[in-house]
Amino acid sequence: MSTTSALPHLETESERKTRLRKVAAATIVGSMLEWYDFYLYATMAAIVFAKVFFDPSNPQTASLLAFSTFAIGFVARPFGGVLFGYLGDKFGRKRMLVVTFCLMGVCTTLIGLIPGYATLGIWAPVLLVVIRVVQGLGAGAELAAAAVTSYEHAAENKRGSQGAWPALGLNLGLLLSSLTIYGLSQVGEDFLINGGWRIPFICSIVLVMVGLWVRSSIPETPQYEELKHNPQSHAEHTQHSPLLMLLRNDLRGLVVVLVVAIGYNALSYIFKTFSLAYVTQYQGVSAGVTSLAVTIASLIAICMVPLFGMLCDRWSSQKVLIMGGICAGLFAYPFLTMLSSGQTTQICIAIAVATGVLAPMMFAPQGAFLSRQFPTQTRSSGVGTGREIGTAIAGGLAPLGALSLVSASPTHSTSGVMIILVLAGFVVVVGSLFDQGRKHSSAKN
């Protein structure tokens with residue numbers, strides 16, 4: 001299928017630039033909200049939610065239940081990826097951008113308004129779980145919707161750099177949340193428990209309002225518009241389910257996305273979450289130090305994502321992704337050695353390199369690489385289904401497994417974690433080698 005449509009030919013250069021600015025803002029803001037919520041929720045679940053939403057008479061059980069609400073979001077994500085990916089192929093990319101953003105944003109704000117256990121009793125954690133499930137559905141579709149939208153609005157020679165926009169939003173969200181948590185941690189734990197934790201959740205409504213305004217103003221993607229105006233393609237599109245077409249015609253692309261997602265998310269979540277839990281529990285590092293390390297890493301990543309996006313345009317998203325997988329595997333030993341030192345400087349360097357450089361090296365190419373595995377008819381379903389199933393598998397199990405290996409070791413050795421990191425890097429490389437993109441586009445990205 002052609003990768004251009006009538007839309008660019010009807011636009012002036014000024015109109016094209018305006019359209020791309022709107023698309024950039026729409027995709028970046030959505031990804032920013034997703035990761036603002038992710039890191040914010042993960043941190044608050046660790047230090048606040050057990051004391052606010054659960055029976056305080058059994059602190060250990062309350063802590064486990066608080067962490068389980070975080071995991072529930074991962075369980076819901078694949079369902080959101082499948083459902084909204086299907087709807088994105090059936091009814092358009094723009095509509096799903098708005099719907100998924102509403103689900104995520106409204107739920108983030110509502111979490112900040114739920115009364116605690118002291119007020120509602122058992123209904124407090126029940127409400128938290130229900131809202132978290134709905135939020136997980138929206139989060140599961142957000143990346144696919146943003147990546148596909150960026151890819152289909154881009155010119156062929158800019159798909160790498162524009163496909164990296166969601167990755168930029170991710171790191172902006174991580175930066176915003178880490179700065180927020182760092183600032184709140186300076187006030188004191190009592191302030192957080194007594195209501196201070198609610199402030200960043202409720203204030204996220206500002207991001208929601210801005211994001212909805214931006215997303216409602218963007219046009220449908222040129223490739224989806226072309227699909228609707230091509231009689232033969234439109235007839236096939238309306239008569240067949242995108243999911244059935246995906247499984248029948250594009251199964252190999254789906255497997256590629258799934259494998260890459262498993263490898264990348266295993267690396268990313270060990271870099272981002274295992275590292276923080278490990279240095280806190282086994283090296284006695286404070287929350288202030290970990291949030292500072294994440295802040296530094298996010299600042300570096302914000303600079304690195306556009307660079308890797310441009311390299312995708314120059315070399316190809318596949319080559320950059322493979323390079324990221326190899327570098328991540330090679331960095332496993334230095335990363336864990338620096339974390340095990342317990343020294344603030346070395347910990348910050350380890351997290352800065354892993355989260356600030358290596359994770360963006362693998363995530364920035366994914367907007368273009370994952371999208372190009374599928375034709376327009378099944379692209380949203382393919383990216384949403386494959387990536388979110390992979391995220392659910394590796395995002396929850398990899399850091400939990402890594403932490404369990406450390407805990408089971410008499411000396412709290414990280415050797416088992418190093419093996420996981422090396423294998424995950426290998427999986428990213430292998431998945432990337434089976435690129436199916438040439439079937440659907442002449443573009444190298």
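Confidence first. This is a predicted model, and in the protein chain confidence is lowest in helix H1, residues 6-10, at a mean pLDDT of 52. It is highest in helix H18, residues 317-330, at 98. Over residues 1-8 the pLDDT is below 50. Beyond near neighbours in sequence, that stretch still has 18 contacts in the model. Where pLDDT is low, the predicted coordinates should not be read in detail. For the protein chain, the mean pLDDT is 88. And 94% of its residues reach 70 or more.

Next, empty space. Rolling a probe the size of a water molecule over the atoms shows where it is left. How many cavities of 30 Å³ or more does the structure hold? Three.

Take the largest cavity. About 150 Å³ of space lies in it. Which residues line it? Starting at the low numbers, you have Glu34, Asp37 and Phe38. Then come Phe70, Gly73, Phe74 and Arg77. Met104 is on the list too. Arg132, Gln135, Gly136 and Ala139 complete the lining. Three helices each supply at least two residues of that lining: H2 (13-47), H4 (59-91) and H7 (123-153). By class, the lining splits into five nonpolar, three polar and four charged residues.

Now the second largest cavity. Its space is about 70 Å³. It has 13 lining residues, and the closest to its centre are Phe84, Met96, Ala144, Ala145 and Ser380. Which elements give two or more residues to this lining? H4 and H7 do, along with helix H5 (93-111) and helix H22 (379-408). H7 provides the largest share, five residues. The classes here run to six nonpolar, six polar and one charged. So H4 and H7 are worth finding on your screen: each supplies at least two residues to the lining of the largest cavity, and each gives two or more to the lining of the second largest.

Last stop, a helix pair. Two packed helices are described by the angle between their axes and the distance between the axes. Look at helix H19, residues 332-340, and helix H23, residues 415-433. Their axes come within 9 Å. They cross at roughly 145 degrees. Is the crossing left-handed or right-handed? Right-handed.

What meets what? From H19, Ala332, Tyr333, Phe335 and Leu336. From H23, Val417, Met418, Leu421 and Val422. By class, this contact has eight nonpolar residues, no polar and no charged.

How values were computed. Residues numbered from 1 in each chain as written. Predicted model: local features only at pLDDT ≥ 70, side-chain atom pairs only at ≥ 80, totals over all residues. Heavy atoms only, no water. 1 Å grid on protein atoms, 1.4 Å probe; cavity = no way out; pocket = protein on both sides within 12 Å on 5 of 7 lines; lining within 4 Å. Points joined across faces, edges and corners; volume = space filled by probe spheres on them. Helix = DSSP H or I, 4+ residues; strand = E, 2+ residues; numbered from the N terminus. Nonpolar A, V, L, I, M, F, W, Y, C, P; charged D, E, K, R; others polar. Axes fitted to C-alpha atoms, helices over the stretch in contact; angles between N-to-C directions. Left-handed = near helix turned anticlockwise from the far one by under 90°. Contact = heavy atoms within 4.5 Å. pLDDT = per-residue confidence, 0-100.
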